[in-house]
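Here is a friendly briefing to read alongside the structure. Please keep the viewer open as you go through the points.

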Amino acid sequence: EMGGLVESQLRNAFYAFFEFSTEAADQVIEREAAINVLEVEIDHDISSTIGRRQPTARDLRLLLAMAKITANLERAGDEVARIARMVKLIIDSGSARSLPSSELRVASDLASHLLRRSLDAFARLDTDTALAIIKADDQIDHEYDGFLRKLITYMMEDPRTISPSLNLLFLAKAIERVGDHAKNIAECTIYVAKGEDVRHLPSADRESVVR
């Protein structure tokens, strides 16, 4: 339920961005509290289960991974709300349609896709998909770096756009961070399934764990 809510919020935030909809952005901001409530409820359930059942081995790994995934979903929800707030500021600036916002469509599609796949992979403990998600996160980073260079050029050509362009930059960073959270969820999937922490490992070592 929490993952589905974050996915829905992300779709609505991107709709608000590409359609310049203040109303959609407001709805995203208003619903952020529901994600926070779910985080608290899930954390309570995890703590209660550990206290009552004292799980070991894979059961304990599963609960620890759930706690990490819940935290990543909550933070992804924060990034989504940040996107909505940046959208409102960009619209209020009156420069929305003159900014190169369409340049972020690829990155936004990637972020949505990775988040959905990461949740599906965890539900099935699909380590092959999890590994693919970790690799794909580099694509969002590449898109962000390319957009940053274009935006700097854009601001240099027309200094009047610096303020709204900075809001667009913060929005782009939030998209990149959603991809990071999807990657973290994928790493938790491998941890549960294989019993190995693959965070910060070189690519070859991660593949060795999965294979």
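Right after helix 1 comes F20, which has a positive phi near 50°. Please bear in mind that this is a predicted model. The notes below start with helix 1, move on to the two pockets, and end with a residue of helix 3.

**Helix 1**

- Helix 1 covers residues 2–19, and its length is 18 residues.
- From first C-alpha to last, helix 1 reaches 26 Å, close to the 26 Å expected at 1.5 Å a residue.
- Because 13 of its 18 residues are buried, helix 1 is largely enclosed by the rest of the structure.

**The largest pocket**

- You will find a volume of about 240 Å³ in the largest pocket.
- The lining consists of 13 residues, and those closest to the centre of this pocket are M2, G3, I42, I69 and L73.
- Three elements each give two or more residues to this lining: helix 1, helix 3 (57–93) and helix 4 (105–124).
- Helix 3 supplies the largest share of the lining, with four residues.
- Sorted by class, the lining of the largest pocket holds nine nonpolar residues, three polar ones and one charged one.

**The second largest pocket**

- The second largest pocket offers about 190 Å³ of space.
- This pocket is also lined by 13 residues, with K68, N72, N184, C188 and R199 closest to its centre.
- Helix 3 and helix 6 (162–194) are the elements that each contribute two or more residues to the lining of the second largest pocket.
- Here the largest share, six residues, comes from helix 6.
- Six charged residues belong to the lining of the second largest pocket, together with four nonpolar and three polar ones.

**T70 in helix 3**

- T70 is a residue of helix 3.
- Is T70 buried or exposed? With a relative accessible area of 4%, T70 falls under the 20% cut-off and therefore counts as buried.
- The T70 side chain reaches the backbone oxygen of M66 at a distance of 2.8 Å.
- Leaving aside residues up to four places away in sequence, T70 touches M2, E39, I42 and D43.
- Two of these partners, M2 and I42, also appear among the residues closest to the centre of the largest pocket.

How values were computed. Residues are numbered from 1 along each chain as its sequence is written. This is a predicted model: local features need pLDDT of at least 70, side-chain atom pairs count only at pLDDT 80 or more; totals for chains, interfaces and linings use all residues. Side-chain values use heavy atoms; hydrogens and water are left out. On a 1 Å grid over the protein atoms alone, a cavity is a set of points where a 1.4 Å probe fits but cannot get out, and a pocket is an open set with protein on both sides within 12 Å along at least five of seven lines; lining residues have an atom within 4 Å of a point. Grid points are joined across faces, edges and corners, and a volume is the space filled by probe spheres set on the points. Ala, Val, Leu, Ile, Met, Phe, Trp, Tyr, Cys and Pro count as nonpolar, Asp, Glu, Lys and Arg as charged, and the others, Gly among them, as polar. Buried means under 20% relative accessible area, exposed over 50%, partly exposed in between (1.4 Å probe, protein chains only). A polar contact is a pair of N or O atoms within 3.5 Å; within protein, one must be able to donate a hydrogen and the other to accept it, and residues adjacent in sequence count only if both atoms are side-chain atoms. Contact means heavy atoms within 4.5 Å. The expected span of a helix is 1.5 Å times one less than its number of residues.
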